[in-house]
Amino acid sequence: TTCSFLTSPSDDGLFFKHQAKEEDYALRPEWPEALAQVVSLDQDAKIKGPIGTLAGWKLFEQLLAKNDFVDFEKKDDVKK
């Protein structure tokens, strides 16, 4: 997707660049295999799965599909 570019003062030290993950994988070919590594999020190993599913875009896509997220642009959706 594309959007308009938002600028900030050049001296604030903050910079974001959107980049395709394939470009990262070209620089770090070991990353895709690392994302497949199964880990546990708790000491009892009740929550476990591949790193790439428990964090990152796959997790967010799953949450969006289930409508399981807080929309901070809607005031009534924000938990106080």
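1. Let's begin with a term you will need: a helix here is a DSSP run of H or I with at least four residues, and a strand is a run of E with at least two, both numbered from the N terminus. Keep in mind that this is a predicted model. By that definition, the protein has four helices and two strands. Following the sequence from its start, you meet them in the pattern α-α-β-β-α-α.

2. Next, the overall dimensions. Along the principal axes, the C-alpha atoms fill a box of roughly 45 × 40 × 25 Å. The radius of gyration of the protein is 17 Å, whereas a compact globule of 80 residues would have a value near 12 Å.

3. How much of the protein is buried? Of the 80 residues, buried ones make up 2%; for a residue to count as buried, its relative accessible area must be under 20%. The protein exposes about 7,900 Å², and carbon and sulfur atoms supply 57% of that area.

4. Contacts along the chain are worth a look too. Take the contacts between residues at least 6 apart in sequence: 3% of these join residues at least 24 apart.

5. Now find the second largest pocket, which has a volume of about 340 Å³. It is lined by 15 residues, and those closest to the pocket's centre are Lys 21, Tyr 25, Leu 35, Gly 52 and Trp 57. Try picking out these five in the structure above.

6. Which helices supply at least two residues each to the lining of this second largest pocket? They are H1 (21-27), H2 (31-35), H3 (51-54) and H4 (57-65). Sorted by class, the lining of the second largest pocket has nine nonpolar residues, along with three polar and three charged ones.

7. Finally, a single residue to practise on: Ala 55, which sits in the loop between H3 and H4. Is Ala 55 buried, exposed or partly exposed? Ala 55 counts as partly exposed because its relative accessibility is 42%, and that class lies between the buried limit of under 20% and the exposed limit of over 50%. For a sense of distance, compare Ala 55 with Leu 14: the two are 41 residues apart along the chain, and 23 Å separates their C-alpha atoms.

Key
Residues numbered from 1 in each chain as written. Predicted model: local features only at pLDDT ≥ 70, side-chain atom pairs only at ≥ 80, totals over all residues. Heavy atoms only, no water. 1 Å grid on protein atoms, 1.4 Å probe; cavity = no way out; pocket = protein on both sides within 12 Å on 5 of 7 lines; lining within 4 Å. Points joined across faces, edges and corners; volume = space filled by probe spheres on them. Nonpolar A, V, L, I, M, F, W, Y, C, P; charged D, E, K, R; others polar. Rg over C-alpha atoms; globule rule 2.2 N^0.38 Å. Buried < 20%, exposed > 50% of the residue type's maximum accessible area, 1.4 Å probe, protein only. Contact = heavy atoms within 4.5 Å. Areas by Shrake-Rupley, 256 points an atom, 1.4 Å probe, with all protein chains shown as cover.
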